[in-house]
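Colleague: I would like a close look at a single part of this model, the open sheet and the core that goes with it. Please take me through it piece by piece.

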Amino acid sequence: DPEGGCKRLRGCTLLVTAAMKADDKAGTSAGRLGDELVYDGHFDGTKKAAISVRKADSGRVLTYMDSTLVLLELPPAKQRIYYNGRLLNDEELLGEVGVKHDEEIFLEFESPVMPDPLKKLRADPGSAPKKEKKGGKGKGKKKK
């Protein structure tokens, strides 16, 4: 808070898993793939019911079916922090590398709702499975 105190909030961050139109009959809101939402409470995605959430960037209250949402989990091993364009090691503390109050740092992580084509574009070139070359064992064309 502005006075330097610590507030503890219970809740979680959810992501929309697919684009959807508003449904007046079900009472649900329209959403875009990857929209970031805040839910005040415990989320496990098994209720198959509509839940009220807040849009992270605007605070607007929306309603979604919990089956269309996924919990954003970011374990430290899947996070990368950059300062002044340099990737920080896990052992480095922000103060040790010179980060001052109100300076920007960048957090990079892979979204659990990232579309497959984008995953392929962002993949490490060395991690792609190698294709075997066809031919070479000399069987030739089939005879009729």
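Modeller: The protein has one helix and eight strands. Along the sequence they follow the pattern β-β-β-β-β-β-β-β-α. Keep in mind that this is a predicted model.

Start with the sheet. Five strands form it, and it is open. Their order is S4-S3-S2-S1-S5, with antiparallel pairing. S4 and S5 (69-71) are the edge strands, and each of them pairs on one side only. From one strand to the next, the twist averages 45 degrees. In general, the strands of a sheet pair through backbone hydrogen bonds, parallel or antiparallel.

Now take the pairings in turn. S1 and S2 run antiparallel and are joined by four bridges. Within that pairing, Cys12 has Tyr39 of S2 as its bridge partner. S1 is also joined to S5, again antiparallel, by three bridges. There, Leu14 has Leu71 of S5 as its bridge partner. S2 and S3 run antiparallel too, with two bridges between them. In that pairing, Leu37 is matched with Lys55 of S3.

Next, the core. The largest nonpolar core holds 11 residues. Cys12, Leu14, Val16, Leu37, Tyr39 and Phe43 belong to it. So do Ile51, Val53, Leu62, Tyr64 and Leu69. Four strands each give two or more residues: S1 (12-16), S2 (36-39), S3 (50-55) and S4 (61-65). S1 gives the most, with three residues.

S2 shows how a strand can serve two faces. As a general rule, side chains in a regular strand alternate between the two faces of the sheet. Along S2 they do alternate. Leu37 and Tyr39 point to one face and are buried. Glu36 and Val38 point to the other face and are not buried. Both Leu37 and Tyr39 are on the list of core residues.

Cys12 is a useful place to look at contacts. Set aside its neighbours within four places in sequence. Cys12 is then in contact with Leu37, Val38, Tyr39, Gly41, Phe43 and Leu71. Among these, Leu37, Tyr39 and Phe43 are core residues, like Cys12. Tyr39 is also the bridge partner of Cys12 in S2.

Two of those contacts bring us to the rings. A search of the whole structure finds one aromatic pair. The pair is Tyr39 and Phe43, with ring centres 6.3 Å apart. Their planes stand at 75 degrees, so the pair is edge-to-face. Tyr39 counts as buried because its relative accessibility is 13%. Phe43 has a relative accessible area of 10%, so Phe43 is buried as well. Both ring residues are members of the largest nonpolar core.

Not every buried residue here belongs to that set. Asp35 lies in the loop between S1 and S2. Asp35 has a relative accessible area of 8%, so it is buried. Which residues does Asp35 touch, leaving aside its neighbours within four places in sequence? Asp35 is in contact with Leu14, Leu15, Val16, Lys55 and Tyr64. Of these, Leu14, Val16 and Tyr64 are in the nonpolar core. Lys55 is also the bridge partner of Leu37.

Now step outside the sheet, for contrast. Asn84 lies in the loop between S6 (80-83) and S7 (86-87). Phi of Asn84 is near 50 degrees, a positive value in a residue other than glycine. Asn84 counts as exposed because its relative accessibility is 66%. Asp102 lies in the loop between S7 and S8 (106-108). Asp102 has a positive phi of about 70 degrees, although it is not a glycine. At 70% relative accessibility, Asp102 counts as exposed. Asp35, by comparison, is buried.

Finally, the whole protein. Buried residues make up 18% of its 144 residues. The accessible surface comes to about 12300 Å². Carbon and sulfur atoms account for 52% of that surface. Take the contacts between residues at least 6 apart in sequence: 45% of them join residues at least 24 apart.

Technical notes:
Residues numbered from 1 in each chain as written. Predicted model: local features only at pLDDT ≥ 70, side-chain atom pairs only at ≥ 80, totals over all residues. Heavy atoms only, no water. Core = buried A, V, L, I, M, F, W, Y, C linked by side-chain atoms within 4.5 Å. Buried < 20%, exposed > 50% of the residue type's maximum accessible area, 1.4 Å probe, protein only. Contact = heavy atoms within 4.5 Å. Areas by Shrake-Rupley, 256 points an atom, 1.4 Å probe, with all protein chains shown as cover. Pairing = 2+ DSSP bridges. Axes fitted to C-alpha atoms, helices over the stretch in contact; angles between N-to-C directions. Phe/Tyr/Trp six-rings, centres within 6.5 Å; stacked < 30°, edge-to-face > 60°.
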